[in-house]
Amino acid sequence: MKNKSKLISISVEKVGVCGSDKQKILQNSLSVKYLGHEIIGIDNSLKKYVAVNPNIHCGTCFYCRRKEFNLCSNVKAIGNNIEGGLKGTLQIPIDNLLYLESNNVKYTLLDPLAVIIHGLSLINIKEEDSVLIIGNGTLAKILIWILNKKNITPSLVNRRGCIENPKGTLKTNETYKYTKVISKKFKYTFEIVGYEQVDSIETAISNTQKNGYIVCFGVFPKGYYAPIELRSLFENEIKIQGVRSFNPKDFKIAKKILDDTHDEILDVINIKHTKFVSYEQLLIESKIKNVDKLIVDLK
Ligand SMILES: [Zn+2]
Ligand SMILES: [Zn+2]
(Lines give C-alpha, C1' and ligand atoms only; values in the text may rest on other atoms or scores of the structure.)
(Ligands and ions follow the chains in the order given, each with its own letter.)
Protein backbone atom coordinates (compact mmCIF):
# COMPACT_ATOMS: atom_id res chain seq x y z
CA MET A 1 0.00 0.00 0.00
CA LYS A 2 2.65 2.44 1.10
CA ASN A 3 4.81 4.46 -0.03
CA LYS A 4 7.19 2.51 -2.17
CA SER A 5 10.10 4.03 -0.33
CA LYS A 6 13.18 1.87 0.12
CA LEU A 7 13.65 -0.01 3.41
CA ILE A 8 16.81 0.67 5.38
CA SER A 9 18.15 -1.71 7.98
CA ILE A 10 19.05 0.10 11.18
CA SER A 11 20.60 -0.96 14.48
CA VAL A 12 18.89 0.82 17.33
CA GLU A 13 21.18 2.54 19.83
CA LYS A 14 18.84 4.45 22.14
CA VAL A 15 15.13 4.33 22.84
CA GLY A 16 13.20 6.88 24.89
CA VAL A 17 10.44 5.52 27.11
CA CYS A 18 7.26 7.52 26.48
CA GLY A 19 4.26 8.10 28.74
CA SER A 20 2.17 6.07 26.30
CA ASP A 21 4.59 3.13 26.69
CA LYS A 22 4.25 3.29 30.47
CA GLN A 23 0.49 3.28 30.12
CA LYS A 24 0.60 0.16 27.92
CA ILE A 25 2.87 -1.62 30.40
CA LEU A 26 0.67 -0.61 33.32
CA GLN A 27 -2.51 -1.79 31.63
CA ASN A 28 -0.82 -4.90 30.30
CA SER A 29 -2.05 -3.94 26.83
CA LEU A 30 1.05 -4.31 24.65
CA SER A 31 -0.01 -4.51 21.01
CA VAL A 32 3.51 -5.55 19.94
CA LYS A 33 6.28 -7.55 21.57
CA TYR A 34 8.79 -4.69 21.46
CA LEU A 35 7.80 -1.16 22.43
CA GLY A 36 9.78 1.98 21.61
CA HIS A 37 9.09 4.78 19.14
CA GLU A 38 11.58 7.45 20.26
CA ILE A 39 14.51 5.93 18.43
CA ILE A 40 18.02 6.80 17.31
CA GLY A 41 20.36 4.29 15.70
CA ILE A 42 22.75 3.56 12.89
CA ASP A 43 22.05 2.95 9.21
CA ASN A 44 23.75 -0.44 8.86
CA SER A 45 24.92 0.04 5.29
CA LEU A 46 25.99 3.71 5.34
CA LYS A 47 27.18 3.55 9.00
CA LYS A 48 25.52 6.89 9.66
CA TYR A 49 23.49 7.96 12.67
CA VAL A 50 19.74 8.26 12.16
CA ALA A 51 16.63 9.35 14.03
CA VAL A 52 13.43 7.50 13.24
CA ASN A 53 10.09 9.15 12.57
CA PRO A 54 7.90 6.34 13.92
CA ASN A 55 4.76 7.20 11.97
CA ILE A 56 4.71 5.42 8.60
CA HIS A 57 1.89 6.90 6.53
CA CYS A 58 0.39 5.17 3.51
CA GLY A 59 0.80 8.06 1.08
CA THR A 60 -2.42 7.26 -0.79
CA CYS A 61 -5.42 7.81 1.51
CA PHE A 62 -7.67 10.90 1.55
CA TYR A 63 -5.60 12.59 4.28
CA CYS A 64 -2.19 11.71 2.84
CA ARG A 65 -3.27 13.19 -0.49
CA ARG A 66 -4.04 16.40 1.41
CA LYS A 67 -0.59 16.20 3.05
CA GLU A 68 -2.26 15.70 6.46
CA PHE A 69 0.01 12.74 7.03
CA ASN A 70 -0.53 12.66 10.79
CA LEU A 71 -4.19 11.84 10.11
CA CYS A 72 -3.40 8.95 7.71
CA SER A 73 -6.15 6.33 7.79
CA ASN A 74 -3.66 3.47 7.39
CA VAL A 75 -0.82 4.69 9.55
CA LYS A 76 1.66 2.14 10.85
CA ALA A 77 3.24 3.32 14.04
CA ILE A 78 6.53 1.80 15.14
CA GLY A 79 6.27 0.48 18.68
CA ASN A 80 2.50 0.60 18.49
CA ASN A 81 1.17 -1.57 15.67
CA ILE A 82 4.53 -2.69 14.28
CA GLU A 83 7.53 -3.82 16.34
CA GLY A 84 9.40 -1.02 18.08
CA GLY A 85 12.91 0.08 18.91
CA LEU A 86 13.55 -2.39 21.73
CA LYS A 87 13.73 -5.11 19.07
CA GLY A 88 17.23 -3.84 18.29
CA THR A 89 17.17 -4.09 14.49
CA LEU A 90 14.45 -2.55 12.36
CA GLN A 91 13.66 -2.09 8.67
CA ILE A 92 12.56 1.52 8.20
CA PRO A 93 11.39 3.28 5.02
CA ILE A 94 14.07 5.79 4.06
CA ASP A 95 11.49 8.61 4.14
CA ASN A 96 11.11 7.99 7.87
CA LEU A 97 14.79 8.52 8.65
CA LEU A 98 16.60 11.73 9.42
CA TYR A 99 20.38 11.51 9.18
CA LEU A 100 22.21 12.93 12.19
CA GLU A 101 25.70 14.27 12.73
CA SER A 102 26.03 12.45 16.06
CA ASN A 103 24.20 10.03 18.34
CA ASN A 104 23.64 12.74 20.97
CA VAL A 105 20.91 11.51 23.31
CA LYS A 106 18.95 14.75 22.75
CA TYR A 107 17.76 13.38 19.41
CA THR A 108 15.60 10.83 21.21
CA LEU A 109 13.49 13.90 22.12
CA LEU A 110 12.71 14.65 18.46
CA ASP A 111 9.42 12.78 18.71
CA PRO A 112 7.91 14.67 21.69
CA LEU A 113 9.36 17.96 20.37
CA ALA A 114 7.74 17.35 16.97
CA VAL A 115 4.38 16.83 18.70
CA ILE A 116 4.74 20.26 20.32
CA ILE A 117 5.76 21.86 17.00
CA HIS A 118 2.77 20.30 15.30
CA GLY A 119 0.33 21.43 18.02
CA LEU A 120 1.59 25.00 17.81
CA SER A 121 1.27 24.93 14.01
CA LEU A 122 -2.49 24.35 14.41
CA ILE A 123 -3.06 27.62 16.27
CA ASN A 124 -1.89 31.19 15.82
CA ILE A 125 -0.41 32.03 19.20
CA LYS A 126 1.16 35.47 19.64
CA GLU A 127 3.62 36.94 22.07
CA GLU A 128 0.94 38.99 23.85
CA ASP A 129 -1.40 36.02 24.41
CA SER A 130 -1.88 34.72 27.94
CA VAL A 131 -1.22 31.00 28.31
CA LEU A 132 -2.06 28.38 30.91
CA ILE A 133 -0.50 24.92 30.83
CA ILE A 134 -2.15 22.02 32.66
CA GLY A 135 0.43 19.32 33.34
CA ASN A 136 4.00 18.81 34.46
CA GLY A 137 5.47 15.96 32.43
CA THR A 138 8.16 15.87 29.76
CA LEU A 139 5.84 17.28 27.09
CA ALA A 140 4.77 20.14 29.35
CA LYS A 141 8.41 21.04 29.94
CA ILE A 142 9.22 20.96 26.23
CA LEU A 143 6.15 23.14 25.56
CA ILE A 144 7.29 25.74 28.12
CA TRP A 145 10.77 25.70 26.58
CA ILE A 146 9.40 26.37 23.08
CA LEU A 147 6.92 29.02 24.30
CA ASN A 148 9.73 30.81 26.15
CA LYS A 149 11.60 31.00 22.83
CA LYS A 150 8.57 32.87 21.44
CA ASN A 151 8.80 35.25 24.44
CA ILE A 152 5.72 33.70 26.03
CA THR A 153 5.80 33.03 29.77
CA PRO A 154 2.99 30.59 30.54
CA SER A 155 1.21 30.05 33.83
CA LEU A 156 1.00 26.54 35.09
CA VAL A 157 -1.36 24.32 37.01
CA ASN A 158 -0.66 20.77 38.13
CA ARG A 159 -0.81 18.41 41.08
CA ARG A 160 2.39 19.67 42.64
CA GLY A 161 1.86 23.36 41.92
CA CYS A 162 5.34 23.65 40.41
CA ILE A 163 7.66 22.32 37.75
CA GLU A 164 11.07 20.81 38.38
CA ASN A 165 13.51 23.32 36.86
CA PRO A 166 16.91 22.98 38.52
CA LYS A 167 18.88 25.05 36.00
CA GLY A 168 16.26 27.83 35.94
CA THR A 169 15.96 27.48 32.18
CA LEU A 170 12.16 27.43 32.12
CA LYS A 171 10.33 30.69 32.73
CA THR A 172 6.83 30.46 34.13
CA ASN A 173 4.33 32.97 35.48
CA GLU A 174 1.97 31.99 38.29
CA THR A 175 2.06 28.32 39.22
CA TYR A 176 -1.07 26.85 40.77
CA LYS A 177 -1.88 23.65 42.55
CA TYR A 178 -4.68 21.67 40.92
CA THR A 179 -7.23 22.10 43.67
CA LYS A 180 -6.90 25.87 43.82
CA VAL A 181 -9.42 28.09 42.11
CA ILE A 182 -7.67 30.17 39.47
CA SER A 183 -9.17 33.64 39.18
CA LYS A 184 -7.48 34.55 35.91
CA LYS A 185 -8.63 33.44 32.48
CA PHE A 186 -6.30 32.70 29.58
CA LYS A 187 -6.47 33.00 25.81
CA TYR A 188 -4.81 29.60 25.32
CA THR A 189 -5.05 26.66 27.69
CA PHE A 190 -2.84 23.68 26.90
CA GLU A 191 -4.06 20.38 28.30
CA ILE A 192 -0.94 18.25 28.38
CA VAL A 193 -1.50 15.97 31.33
CA GLY A 194 -0.96 12.69 29.51
CA TYR A 195 -3.05 9.73 30.51
CA GLU A 196 -3.84 10.82 34.03
CA GLN A 197 -6.58 13.38 33.41
CA VAL A 198 -8.73 13.92 36.43
CA ASP A 199 -10.68 17.05 35.65
CA SER A 200 -8.21 18.69 33.31
CA ILE A 201 -10.77 19.48 30.60
CA GLU A 202 -13.14 21.02 33.14
CA THR A 203 -10.23 23.05 34.53
CA ALA A 204 -9.38 24.13 30.99
CA ILE A 205 -12.94 25.26 30.19
CA SER A 206 -13.30 27.29 33.35
CA ASN A 207 -9.96 29.03 32.86
CA THR A 208 -10.14 29.88 29.16
CA GLN A 209 -11.17 33.34 27.96
CA LYS A 210 -14.08 34.06 25.68
CA ASN A 211 -13.06 33.28 22.10
CA GLY A 212 -10.08 31.35 23.53
CA TYR A 213 -8.60 27.96 22.68
CA ILE A 214 -8.08 24.73 24.54
CA VAL A 215 -5.30 22.71 22.93
CA CYS A 216 -5.34 19.02 23.92
CA PHE A 217 -1.96 17.31 23.77
CA GLY A 218 -2.94 14.89 26.50
CA VAL A 219 -3.56 11.35 25.32
CA PHE A 220 -6.93 10.40 26.70
CA PRO A 221 -7.33 6.75 27.58
CA LYS A 222 -9.68 4.81 25.32
CA GLY A 223 -13.26 5.22 26.49
CA TYR A 224 -12.43 8.20 28.69
CA TYR A 225 -15.40 10.51 29.11
CA ALA A 226 -15.19 13.86 30.82
CA PRO A 227 -18.29 15.66 32.03
CA ILE A 228 -17.84 19.03 30.38
CA GLU A 229 -19.82 22.17 30.90
CA LEU A 230 -20.97 22.61 27.32
CA ARG A 231 -22.96 25.75 28.03
CA SER A 232 -19.83 27.77 28.76
CA LEU A 233 -18.28 26.44 25.54
CA PHE A 234 -21.04 27.99 23.47
CA GLU A 235 -21.54 31.08 25.59
CA ASN A 236 -17.84 31.88 25.50
CA GLU A 237 -17.09 30.59 21.99
CA ILE A 238 -14.25 28.45 23.30
CA LYS A 239 -12.60 26.15 20.75
CA ILE A 240 -11.11 22.77 21.56
CA GLN A 241 -8.20 21.69 19.34
CA GLY A 242 -6.93 18.11 19.42
CA VAL A 243 -3.32 17.33 18.50
CA ARG A 244 -2.43 13.99 16.98
CA SER A 245 1.27 13.18 16.56
CA PHE A 246 3.05 15.19 13.82
CA ASN A 247 3.99 15.46 10.17
CA PRO A 248 7.38 14.74 8.57
CA LYS A 249 7.94 18.48 8.25
CA ASP A 250 7.40 18.96 12.03
CA PHE A 251 10.03 16.26 12.64
CA LYS A 252 12.50 18.17 10.45
CA ILE A 253 11.77 21.46 12.22
CA ALA A 254 12.31 19.70 15.55
CA LYS A 255 15.75 18.55 14.39
CA LYS A 256 16.66 22.07 13.33
CA ILE A 257 15.66 23.42 16.74
CA LEU A 258 17.76 20.77 18.52
CA ASP A 259 20.72 21.56 16.27
CA ASP A 260 20.41 25.34 16.66
CA THR A 261 20.09 25.24 20.46
CA HIS A 262 23.08 22.95 21.04
CA ASP A 263 22.43 20.93 24.22
CA GLU A 264 20.03 23.40 25.87
CA ILE A 265 17.20 20.86 25.96
CA LEU A 266 19.33 18.63 28.21
CA ASP A 267 19.14 21.36 30.88
CA VAL A 268 15.35 21.16 30.66
CA ILE A 269 14.76 17.42 30.40
CA ASN A 270 16.40 15.26 33.00
CA ILE A 271 17.57 12.05 31.36
CA LYS A 272 18.41 8.74 33.00
CA HIS A 273 20.04 5.90 31.10
CA THR A 274 19.27 2.25 31.64
CA LYS A 275 19.41 -1.18 29.99
CA PHE A 276 16.36 -3.21 29.04
CA VAL A 277 15.71 -6.05 31.47
CA SER A 278 11.92 -6.14 31.63
CA TYR A 279 9.00 -3.79 31.11
CA GLU A 280 8.29 -3.80 34.84
CA GLN A 281 11.85 -2.60 35.48
CA LEU A 282 11.36 0.26 32.97
CA LEU A 283 8.21 1.28 34.80
CA ILE A 284 9.97 1.34 38.16
CA GLU A 285 12.99 3.24 36.85
CA SER A 286 10.88 5.83 35.07
CA LYS A 287 9.17 6.66 38.35
CA ILE A 288 12.40 7.70 40.05
CA LYS A 289 12.06 11.25 41.28
CA ASN A 290 13.23 13.98 38.91
CA VAL A 291 13.59 11.62 35.94
CA ASP A 292 11.79 13.20 32.98
CA LYS A 293 12.94 10.75 30.35
CA LEU A 294 14.24 7.24 30.73
CA ILE A 295 16.54 6.20 27.88
CA VAL A 296 17.23 2.55 27.12
CA ASP A 297 20.75 2.05 25.75
CA LEU A 298 20.90 -0.94 23.44
CA LYS A 299 24.61 -0.83 22.71
ZN1 LIG B 1 6.08 9.22 22.59
ZN1 LIG C 1 -2.55 7.68 4.39
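User: What area do domain 1 and domain 2 bury between them, and how much of it is on carbon and sulfur atoms?

Analyst: Happy to help! The two domains bury about 1,400 Å², with 66% of it on carbon and sulfur atoms. Buried area here means the accessible area (1.4 Å probe) that two parts lose on being put together, summed over both. On the domain 1 side, Asp267, Val268 and Asp292 lose the most area to domain 2, together 34% of what that side buries. This is a predicted model, in which local features need pLDDT of at least 70, side-chain atom pairs count only at pLDDT 80 or more, and totals for chains, interfaces and linings use all residues. Side-chain values rest on heavy atoms, leaving out hydrogens and water, and residues are numbered from 1 along each chain as its sequence is written.

User: Which ranges make up domain 1 and domain 2?

Analyst: Domain 1 covers 7-113 + 245-297, and domain 2 covers 123-242. These bounds come from an automatic or database domain assignment.

User: How many residues of domain 1 are in contact with domain 2?

Analyst: 17 residues of domain 1 are in contact with twelve residues of domain 2, contact being heavy atoms within 4.5 Å.

User: Why is the pair aspartate 292 and lysine 141 called a salt bridge?

Analyst: A salt bridge needs a side-chain nitrogen of Lys or Arg within 4 Å of a carboxyl oxygen of Asp or Glu. The closest N and O atoms of aspartate 292 and lysine 141 are 2.8 Å apart, so the pair qualifies. Across the interface, the rule finds three salt bridges.

Key. Chains are lettered from A and ligands numbered from 1 in the order in which they are written.
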